[in-house]
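Biologist: I'm new to this one. Can you walk me through it?

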Amino acid sequence: MGFKMGEHDWQLRINQAAQFLGEGNKVRLEMRLRGREKERLSQAEGKLRKFIAALSGAKIEDDVTRSPRGLAVLLTR
């Protein structure tokens, strides 16, 4: 997912993640940060946490970590 994602894309990703979690799969959520977006890590982490909150019943297996391209988190049901 991107830092500046639109509402429709946001809902699409939530629905896809909920479907994968419902099937018993794990979901790795990555937010790619480019350029000046890398300076706004706290805002990016807030968006990730908001996304996780929108998924009912999702649990964080691996906490939010810094990856080479941005932020990543591993979710399970």
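Biologist: How many aromatic pairs does the structure hold?

Modeller: One. Keep in mind that this is a predicted model. The pair is Trp 10 with Phe 51.

Biologist: What is the geometry of the Trp 10 and Phe 51 pair?

Modeller: Edge-to-face. The centres are 5.4 Å apart, with 85° between the planes.

Biologist: Which helices do Trp 10 and Phe 51 lie in?

Modeller: Trp 10 lies in helix H1, residues 7-22, and Phe 51 lies in helix H2. The two are 41 residues apart in sequence, so the pair ties together separate parts of the chain.

Biologist: Are Trp 10 and Phe 51 buried or exposed?

Modeller: Both are buried.

Biologist: Which charged end sits over the ring of Trp 10?

Modeller: That of Lys 50, at 5.8 Å from the ring centre. There is also Lys 47, whose charged end sits over the ring of Phe 3, 4.4 Å from its centre.

Biologist: Switching to the strands. In what order do they form the sheet?

Modeller: E1-E3-E2. The sheet is open, it has three strands, and the pairing is antiparallel. The edge strands are E1, residues 27-32, and E2, residues 59-67; each pairs on one side only. On average, neighbouring strands are turned by 15° against each other, direction ignored.

Biologist: And which helix packs on the sheet?

Modeller: Helix H2, residues 41-54. H2 touches E1, E2 and E3, and its direction makes about 160° with that of E2.

Biologist: Back to the strand pairs. How many bridges do E1 and E3 pair over?

Modeller: Six, in the antiparallel sense. E3 covers residues 70-76. You can follow the register on screen: Arg 32 stands opposite Gly 70, Met 31 opposite Leu 71, and Glu 30 opposite Ala 72.

Biologist: How about E2 and E3: over how many bridges do they pair?

Modeller: Six there too, antiparallel. Thr 65 stands opposite Ala 72, and Asp 62 stands opposite Leu 74. So Ala 72 of E3 has Glu 30 across from it on one side of the pairing and Thr 65 in the pairing with E2.

Biologist: What joins E2 to E3?

Modeller: A hairpin, through two residues.

Biologist: How many residues of E3 are buried?

Modeller: Six of the seven, so E3 is largely enclosed by the rest of the structure.

Biologist: Now E1. Which of its side chains are buried?

Modeller: Val 27, Leu 29 and Met 31, which point to one face. Arg 28, Glu 30 and Arg 32 point to the other face and are not buried. In general, side chains of a regular strand alternate between the two faces of the sheet.

Biologist: Let's talk about the core. How many residues has the largest nonpolar one?

Modeller: It has 20. Those with the most contacts inside it are Met 1, Met 31, Leu 48, Phe 51 and Leu 55. H1, E1, H2 and E3 are the elements that give two or more residues to this core.

Biologist: What is Leu 48 in contact with, leaving aside its neighbours within four places in sequence?

Modeller: Met 1, Leu 29, Met 31, Val 64 and Leu 71. Two of those, Leu 29 and Met 31, are on the buried face of E1.

Biologist: One more residue, Leu 21. Where is its place?

Modeller: In helix H1. Leu 21 is buried, with a relative accessible area of 1%. Apart from neighbours within four places in sequence, Leu 21 is in contact with Val 27, Leu 55, Ala 58, Leu 75, Thr 76 and Arg 77.

Biologist: And Asn 25, where is that?

Modeller: In the loop between H1 and E1.

Biologist: What is the relative accessible area of Asn 25?

Modeller: 36%, so Asn 25 counts as partly exposed.

Biologist: How many residues separate Asn 25 and Arg 77 in sequence?

Modeller: They are 52 residues apart in sequence. In space they are 8.0 Å apart, C-alpha to C-alpha.

Terms used. Residues are numbered from 1 along each chain as its sequence is written. This is a predicted model: local features need pLDDT of at least 70, side-chain atom pairs count only at pLDDT 80 or more; totals for chains, interfaces and linings use all residues. Side-chain values use heavy atoms; hydrogens and water are left out. Two strands pair if DSSP finds at least two bridges between them. Helices (H or I, at least four residues) and strands (E, at least two) are DSSP runs, numbered from the N terminus. Axes are lines fitted to C-alpha atoms, for helices over the stretch in contact, and angles run from 0 to 180 degrees between N-to-C directions. Contact means heavy atoms within 4.5 Å. Buried means under 20% relative accessible area, exposed over 50%, partly exposed in between (1.4 Å probe, protein chains only). Rings of Phe, Tyr and Trp (its six-membered ring) pair if their centres lie within 6.5 Å; planes under 30 degrees apart count as stacked, over 60 as edge-to-face and the rest as tilted. A charge sits over a ring if NZ of Lys or CZ of Arg is within 6 Å of the ring centre and within 35 degrees of the ring normal. A nonpolar core is a set of buried Ala, Val, Leu, Ile, Met, Phe, Trp, Tyr and Cys residues joined through side-chain atoms within 4.5 Å.
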